[in-house]
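Visitor: Could you walk me through this one, starting with the sheets?

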Amino acid sequence: MIRDIIADVRDGQTRVAILEDGELVELFMEGEGKWEITGNVYRGKVENVLPGMQAAFVDIGLEKNAFLYVDDIILDGGVFEFSDEQGISKNNALTQSIGGMISKGQELTVQILKEPIGTKGARVTTQITLPGRYMVLMPLVDYIGVSRRIEDEGERQRLKGIAEEIRPVGMGLIVRTAAKGRKEEDFLWEIDFLSRLWGKIQTREQKGKVPRALYQDEGIIYRIIRDFYSPDMGRIIINDKEEYDKLMELADVLFPGLADKMELFDHEEGIFQYYNIEPKIEKALQRKVWLKSGGYIIIDPTEALTVIDVNTGKFVGSRNLEDTVLKTNLEAAREIAHQIRLRDIGGIILIDFIDMDVAKNRERVLEVLNHSLKKDRVKTSILGFTGLGLVEMTRKKIRGRLSTKLLKDCPHCHGTGRVHSEVMSAIKTEK
């Protein structure tokens, strides 16, 4: 698989496309008053404590107060395995009431876990994590975590041993997937940098008005390269000279080999048009997605969940009905995994595959769906077929869907996608 990063910087907006074998798989945007705030650290003030919901609202200076769940005052072990020095697993279950932990008017330092989505404010945590390329510093805990994506047990233990040696006293570390195969000296500069960054945040905590920002993550292009870059990555193409020069300065220090992959785009044509990305973005906004076989899927988001329906469409097959249905469902499973990732669909997802009579075929469709979802960095979980024959799955919700960033409600249909018929329009006119 060849992974390329294409960055379009213009008119105060930055768009970054991730391509895998030429196919658009993720799109990130920043600008026009909409800046990525996930990972930012704020000094806020507790506005309300709701014991009945085990949560609190915290004013961090955004349009809506942030939401602090009681479970977000401790670590979420859903992505990483955590253990103490004795190897005893940590249980993040918390039985204490939030009312006994924080109070109205109290000042807190919090970090954004999820950006504001729809009418909901940002979700925050009191556990600060500062990400680097290979490690994530956890200054307030004493754990070592290793990414689950590093599957080799020997390598996991080797990296855990290095992390134990180099972590600052009283602090924790997460070993990221990019650390696989790296030596101790590759991590030392990063740990020193993250430790000094935490020191600056602590200094800023002591003075200034509340609410205020204490730390804002780097620009979107830097963050994406930090999270996606690997030695076997393809090209990184940017159409802005200033951003290009900035990354070239950091390349040798932070990302060995990056400079050889960097390209400055200088054609008159727009970079997304040149690489045929714009039509793929348009396709990602459509309700209907055609499959190569002639079948199609329908994607309908709602407030509570997203429903995906699979249809044979123009595909009639060549052998029998069960074979036609299986081929359509297998192709749909791969495309659904792609669309979920590209559209950044989170929360509960229900998939209505075409009914299959053979149990083995249902298992095969689930296997293909699960395998295709492994490319997604966001945590997903497939719960299997329900009693009604629907596939139920979840995907961690971190950002709003792509459609919410690129589309807005129609002023005539108010977001339903439908308008009054001629008869209804005539009746309203008569009134």
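## Sheets, helices and turns

Visitor: Which strand pairs with strand 15 (residues 236-238) in the parallel sense over three bridges?
Guide: First, this is a predicted model, where local features need pLDDT of at least 70 and side-chain atom pairs count only at pLDDT 80 or more, while totals for chains, interfaces and linings use all residues. Residues are numbered from 1 along each chain as its sequence is written, and side-chain values use heavy atoms, with hydrogens and water left out. Strands (E, at least two residues) and helices (H or I, at least four) are DSSP runs numbered from the N terminus, and two strands pair if DSSP finds at least two bridges between them. With three parallel bridges, the partner of strand 15 is strand 16.

Visitor: And what sits across from I237 there?
Guide: We're still looking at strand 16. The bridge partner of I237 in it is E263.

Visitor: Which strands are at the edges of the five-stranded sheet?
Guide: That sheet is open, has mixed pairing and runs in the order 3-2-1-15-16. An edge strand has a single partner, so one of its sides lacks a neighbour in the sheet. That picks out strand 3 (23-31) and strand 16 (262-264).

Visitor: What does the twist average from one strand to the next in the six-stranded sheet?
Guide: This open, mixed sheet has the order 17-18-19-20-22-21. Axes are lines fitted to C-alpha atoms (for helices, over the stretch in contact), and angles run from 0 to 180 degrees between N-to-C directions. From one strand to the next, the twist averages 20°.

Visitor: Which residue in strand 20 is the bridge partner of I308?
Guide: Strand 19 (residues 305-311) and strand 20 (residues 347-352) are parallel, with five bridges. On its other pairing, strand 20 runs antiparallel to strand 22, again through five bridges, and the residue standing opposite V391 of strand 22 is I351. In strand 20, I308 has as its bridge partner I351.

Visitor: Which side chains of strand 22 (residues 391-395) point to one face and are buried?
Guide: In a regular strand, side chains alternate between the two faces of the sheet. Buried means under 20% relative accessible area, exposed over 50%, and partly exposed in between (1.4 Å probe, protein chains only). E392 and T394 point to one face and are not buried. Pointing the other way, and buried, are V391, M393 and R395.

Visitor: Why does the length of helix 7 (residues 321-343) agree with its residue count?
Guide: The expected span is 1.5 Å times one less than the number of residues. For the 23 residues of helix 7 that comes to 33 Å, and this agrees because the end C-alpha atoms are apart by 31 Å.

Visitor: How many of the 23 residues in helix 7 are buried?
Guide: Right after the helix comes D344, with a positive phi near 55°. The helix itself is mostly covered, the buried count being 20.

Visitor: Is D11 buried or exposed?
Guide: D11 is in the loop between strand 1 (3-10) and strand 2 (13-20), and its phi is positive, near 50°, though it isn't a glycine. Its relative accessible area is 73%, so D11 counts as exposed.

Visitor: What is omega for the cis peptide bond that joins V210 and P211?
Guide: P211 belongs to the loop between helix 2 (185-205) and strand 14 (212-215). For the cis bond from V210 to P211, omega is about 10°.
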